[in-house]
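User: I'd like to learn how to read charged pairs in a model. Can you walk me through some?

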Amino acid sequence: MGAGPSPSSTGGPPEQVMDRDEVDRALARLGAEHEAVETSLLALQDHAGRRLLEGAGLTGVTKERWASTEQSISLLWAYFDAYTAALESARELRARRRWLGREDLVELTERLRGESVTLSGAALHNAPTLAGGPARLTERFTLGELVNRMNELYAHSLDLVVAADAVWSALPARIDLLAAELHRTRGLAHSVGVRPGEHPSGDDLESITAELTDLRAQVISDPLAFWVPAPGSSAPGGGRPDTGRYDRAARALEDVRREIDAVLTVRQDAEQRLVRLRDVLSRADRTLAEARSARGEVLAKIAASEVPAVSGPSIALQEQLATAAEYRRHAQWHRLSPLLESLEQKAEDELLRARESLTAVTAPLAVRAELRGRLDAYKAKVARHGMAEDPLLIERYDAARRMLWSAPCDLRVAEEAVLRYQRAAADALVPRHPGPVDQKGES
């Protein structure tokens, strides 16, 4: 609005009589302020936010604050009318004579600087007070004080109007766009069997629908409940719409969309995934069968050895795989999706368990194979050094070989026999150095 009075137009009785030039300057300044106030009031009157507030079925904090603000706007116009009348009266007095006498100057000084404006009765009835005190039935103002009061009421009223308009401009449109996306997602979800009561994402869609409906109704009827004022800001409309509930609904819908995408992906490659699952479980079963066979061989060929038991194939996984195939046949993609994810992990775990079982069962055979390889390697080394006919080596080799190639094989005893052969071979392969030789070369 107007810039407010200069020091010459502050409250209190005038201290000295103005001369003609001061009167003309004061009238020009007050006229400019009148123009600025009028422009601001008309802009407020035409503001889209104010028109919406007038026609809306308001509730909550917005209803309460708008009722007060409507009174402020009515009081603004009452102040403006009084200001206009006082200014026009001063202008008429000034226009009576080109050369003003002292009495004219005294009267104009009183009108321009003194408490020349009186508002009483209906104009102030139930009018809000910025200081929070009780309203008076009659008040007197200088023109400068009246401009200050109008500026304060205008800023207060505009702040509310701009805040409500900002919320209405931001949130309903975004909510409507999200609701349209929600509608498309609901249709897609229904096509793949994601329905309320049958799938968690279907229940989530119902919850998001209810939240958006409620949120939109509240935003329309109580926009100021969704306004966050900017800390320390004195400018009208300083702040931002609170989009917290909208953002949470948008994130929830995004989570559901990802779940629907996962279900659609399942529909596209379900058969390939089922084939891979059957292959993994088949490999696990074959590995377990190999482990069971190896366990029988170990028990027959290795003596005094702890051999772990081997479990059979997982009946539960086979049943779940059959259930998954049934879901695919009946296009129950929303049920197939989580089941396939669970089965794929369990199948890999089952294959790993089968391989670990085979490794544990065949460990004694691996030890026997390692001892056999070590024995033959030392025999070949002895032969390369021309000591294959050494009686002690032949005896210890034959003893170790009989233990390793007989059934059942005692691995502990066989390992000791191999070590004895190794030590004998090592001793035989140590080179023999000649004795010391004197200076004449005689030993």
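Analyst: Happy to. Start with the term itself: a salt bridge is a side-chain nitrogen of Lys or Arg within 4 Å of a carboxyl oxygen of Asp or Glu. One caveat is that this is a predicted model.

User: How many salt bridges does the structure hold?

Analyst: The general idea is that side chains of opposite charge can pair when their charged atoms come close. In this model the count comes to 19 salt bridges. One of them joins the side chains of E271 and R278, with an N to O distance of 4.0 Å.

User: Are E271 and R278 buried or exposed?

Analyst: For that you need the cut-offs: under 20% relative accessible area is buried, over 50% is exposed, and anything in between is partly exposed. E271 has 36% relative accessibility, so it counts as partly exposed. R278, at 37%, is partly exposed too.

User: Which residue does R273 pair with?

Analyst: R273 makes a salt bridge with E344, and their closest N and O atoms are 2.7 Å apart. When you read a pair like this, check where each partner sits along the chain. This one links distant parts of the chain: R273 belongs to helix α7 (residues 244-301) and E344 to helix α9 (residues 333-361), with their positions 71 residues apart. As for burial, R273 has a relative accessible area of 10%, so it is buried, whereas E344 is partly exposed at 27%.

User: What about E326 and R329: how far apart are their closest N and O atoms?

Analyst: They are 2.2 Å apart, in another salt bridge. Here the sequence spacing is worth a look. Both residues sit in helix α8 (residues 315-329), and because they are three residues apart, about one helical turn separates them. E326 is partly exposed, with 33% relative accessibility, while R329 is exposed at 57%. Elsewhere, salt bridges with shared partners tie E181, R184, E254, D255, R257 and R258 into one network.

User: Let's try a residue outside the charged pairs. Where does S201 lie, and what is S201 in contact with beyond its neighbours within four places in sequence?

Analyst: S201 is part of helix α6 (residues 200-221). Its relative accessibility is 6%, so S201 counts as buried. For contacts, the trick is to set aside neighbours within four places in sequence; that leaves V194, V256 and E259 as the residues S201 touches, using heavy atoms within 4.5 Å as the criterion.

Conventions:
Residues are numbered from 1 along each chain as its sequence is written. This is a predicted model: local features need pLDDT of at least 70, side-chain atom pairs count only at pLDDT 80 or more; totals for chains, interfaces and linings use all residues. Side-chain values use heavy atoms; hydrogens and water are left out. Buried means under 20% relative accessible area, exposed over 50%, partly exposed in between (1.4 Å probe, protein chains only). Helices (H or I, at least four residues) and strands (E, at least two) are DSSP runs, numbered from the N terminus.
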